[in-house]
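Work through the exercises below with the sequence and the 3D view open. Each task is followed by a solution in steps.

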Amino acid sequence: MTTAYETLLERTREVHLLESTAEILSWDQETMMPAGGVEHRAKQMALLAQLSHERASSDELGDLLATSADEAAGDDAIANVRELQRDYERRTRVPAALVAEMAETTSRAQHAWAEARAASDFAAFQPWLDKVLHLSRQRAECLGVPEGGELWDALAEDFEPGMRAASLERLFTPLREKLSTLVREIGSATPPSNRFNELTLPIEQQEAFVRSVAGSMGFDFERGRLDRSTHPFCGGSHYGDVRITTRFHDDNLGDALGSTMHEAGHGLYEQGLSADHLGTPLGSSVSLGIHESQSRLWENHVGRSAAFWRWARPQLASTFGAAVADFDEPELFRTANLVRPSLIRVEADEATYNLHVVVRFELERALIRGDLTTADLPAAWNEAYVDCLGVEVPDDRRGCLQDVHWSCGLVGYFPTYTLGTLYSAQFYAAAERAIPDLDGHIERGEFEPLRGWLLANVHCHGRRFSPDALCARATGSGLDADVFLSYLESKLRPVYGI
Ligand code: ZN
């Protein structure tokens with residue numbers, strides 16, 4: 001006889017089939033689809049979203065969950081039921097009318113945002129931001145504020161289970177201060193040359209190079225693809241079909257390489273998820289912060305290390321020949337670690353990136369709390385940029401209008417970028433302790449020990465542990481910003497001679 005738990009998993013896997021179909025359509029939309037496909041694709045996506053929502057919030061699923069919770073035996077079943085219960089409750093707590101209103105508002109708000117950004121006209125976007133924030137607060141009320149928490153926490157649970165604004169404040173306040181101080185010190189030193197990233201290199205060769213780096217990292221091209229898109233991302237349907245993208249400029253190999261290593265890091269996580277648990281929580285990634293830790297680990301801890309450039313230097317020479325002949329390993333390493341405070345988050349370097357994120361978290365929290373009005377947002381943004389990064393914001397296009405997130409209703413999302421950074425430093429330090437001579441392996445292009453460690457300590461667990469617990473199990477301690485800070489200081493101080 002089929003148990004309730006088995007039927008529950010069957011239904012859950014059906015929802016995953018629908019969702020992963022939408023993922024492939026969405027990949028296609030970003031990479032291959034001609035402009036003429038837009039309208040029909042929107043209808044396809046809307047129908048798939050409706051079908052998966054109906055199934056994932058059905059009464060039948062609720063009944064199966066209730067019975068399974070009583071029957072569940074064994075660690076796997078207990079973990080799957082716990083996570084499915086959590087998803088089901090969050091999905092069914094928000095009334096359908098509010099879900100629909102949010103979907104329609106954010107779809108229109110995104111258009112308004114794109115136009116406002118192009119015109120650098122915050123006033124045109126402000127009423128839409130007000131609407132999105134209003135609906136987000138309503139949604140947070142429905143979802144329920146965690147005990148001792150605030151409205152923002154209820155929204156952030158979508159992206160990082162267990163993340164709380166109050167604990168982020170404790171983590172981010174000293175981080176902001178220490179990073180600002182480091183960045184100011186770096187600003188008064190002589191920067192390394194950037195001439196490597198100003199070289200014009202044929203895009204076909206760039207593509208061959210980044211493709212071979214992704215392959216060396218262990219990204220499996222039999223179970224994945226690398227294509228081009230305006231904004232690099234990682235998508236796909238499941239561990240056997242992972243789609244990553246990158247982008248190329250004639251004169252910025254560093255950007256293509258960093259983007260590729262970043263997305264391939266996400267891709268390795270997806271390819272490393274458990275095949276046995278496909279379509280269930282134990283076969284899914286646990287949070288955006290942990291996902292981002294996997295991308296940043298490869299992009300920064302590997303891709304900006306001296307050992308990596310000792311390996312990559314001859315690879316570059318065999319791909320690009322004479323064009324790269326007069327760049328030695330120390331110069332390539334220093335260029336990869338160039339720090340330049342700037343206005344745009346997505347173009348930021350390793351040291352300044354998290355300052356962009358902390359600013360967004362502080363402002364967003366104040367907006368949700370009602371401590372800051374949208375009318376005052378541009379001024380507050382610009383002030384924070386002077387304070388944190390020492391840069392003057394010339395217009396809202398390069399200021400508070402630069403990110404798409406708020407127009408999509410993604411409130412509570414930004415901090416996961418920095419959590420990813422902090423987790424990545426802790427995971428890398430733990431891997432260094434566990435793998436003798438990790439640097440030597442990297443210098444020889446042997447990335448398998450590192451990938452294997454990540455597979456065994458992060459990827460294979462799916463959602464079995466909370467992000468915090470996963471970090472503690474893998475590294476021996478909970479979230480700790482000091483590991484990142486000391487890694488960054490010990491790398492950058494010698495580069496800048498400070
Ligand atoms: Zn990422």
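**Exercise 1. A zinc ligand and its surroundings**

Does E292 count as buried, partly exposed or exposed, and what is its relative accessibility?

Solution. The model is predicted, so local features need pLDDT of at least 70 and side-chain atom pairs count only at pLDDT 80 or more, while totals for chains, interfaces and linings use all residues. Residues are numbered from 1 along each chain as its sequence is written, and side-chain values use heavy atoms, with hydrogens and water left out.

Step 1: Buried means under 20% relative accessible area, exposed means over 50%, and partly exposed lies in between (1.4 Å probe, protein chains only).
Step 2: E292 has 7% relative accessibility and therefore counts as buried.

**Exercise 2. The zinc site**

Which residues coordinate the zinc ion, and what spacing do the donors follow along the chain?

Solution.
Step 1: Donors are N, O and S atoms within 2.8 Å of the metal (3.2 Å for Na, K and Ca); water is not among the atoms, so sites may look incomplete.
Step 2: H262 (NE2), H266 (NE2) and E292 (OE) coordinate the zinc ion at 2.1 to 2.3 Å.
Step 3: Along the chain, these donors have the spacing H-x3-H-x25-E.
Step 4: H266 belongs to helix α10 (residues 253-271) and E292 to helix α11 (residues 288-302); the two are 26 residues apart, and the pair links distant parts of the chain. Helices (H or I, at least four residues) and strands (E, at least two) are DSSP runs, numbered from the N terminus.
Step 5: H266 has a relative accessible area of 9%, so H266 is buried.

**Exercise 3. Aromatic pairs**

How many aromatic pairs does the structure hold? What is the geometry of the pair F219 and F221?

Solution.
Step 1: Rings of Phe, Tyr and Trp (its six-membered ring) pair if their centres lie within 6.5 Å; planes under 30 degrees apart count as stacked, over 60 as edge-to-face and the rest as tilted.
Step 2: There are 20 aromatic pairs in the structure.
Step 3: F219 and F221 are edge-to-face, with 5.2 Å from centre to centre and 80° between the planes.
Step 4: F219 is buried at 3% relative accessibility, whereas F221 is partly exposed at 30%.
Step 5: F414 and Y417 form a tilted pair, 6.3 Å centre to centre with 50° between the planes. F414 is buried at 1% relative accessible area, and Y417 is buried at 13%.

**Exercise 4. A cluster, two charges and a loop**

Which residues form one aromatic cluster together with F414?

Solution.
Step 1: The cluster consists of F159, Y353, W381, Y385, W406, Y413, F414 and Y417.
Step 2: A charge sits over a ring if NZ of Lys or CZ of Arg is within 6 Å of the ring centre and within 35 degrees of the ring normal.
Step 3: R296 has its charged end over the ring of Y353, 4.3 Å from the centre. The charged end of R360 is over the ring of F414, 5.6 Å from the centre.
Step 4: H405 lies in the loop between α15 (377-389) and α16 (415-434) and is buried, with a relative accessible area of 6%.
Step 5: Contact means heavy atoms within 4.5 Å. Leaving out residues up to four places away in sequence, H405 touches R345, L410, Y413, F414 and Y417.

**Exercise 5. Domains and core**

Where does the largest nonpolar core lie, and why?

Solution.
Step 1: The protein chain is divided into domain 1 (4-121) and domain 2 (165-496); such bounds come from an automatic or database domain assignment.
Step 2: The domain centres, taken over C-alpha atoms, are separated by 27 Å, and 30 residues of domain 1 are in contact with 32 residues of domain 2.
Step 3: A nonpolar core is a set of buried Ala, Val, Leu, Ile, Met, Phe, Trp, Tyr and Cys residues joined through side-chain atoms within 4.5 Å.
Step 4: The largest such core has 131 residues, and V302 and F308 have the most contacts inside it. Helix α14 (residues 353-369) gives the most to this core, ten residues.
Step 5: This core lies between domain 1 and domain 2 because both give residues to it.
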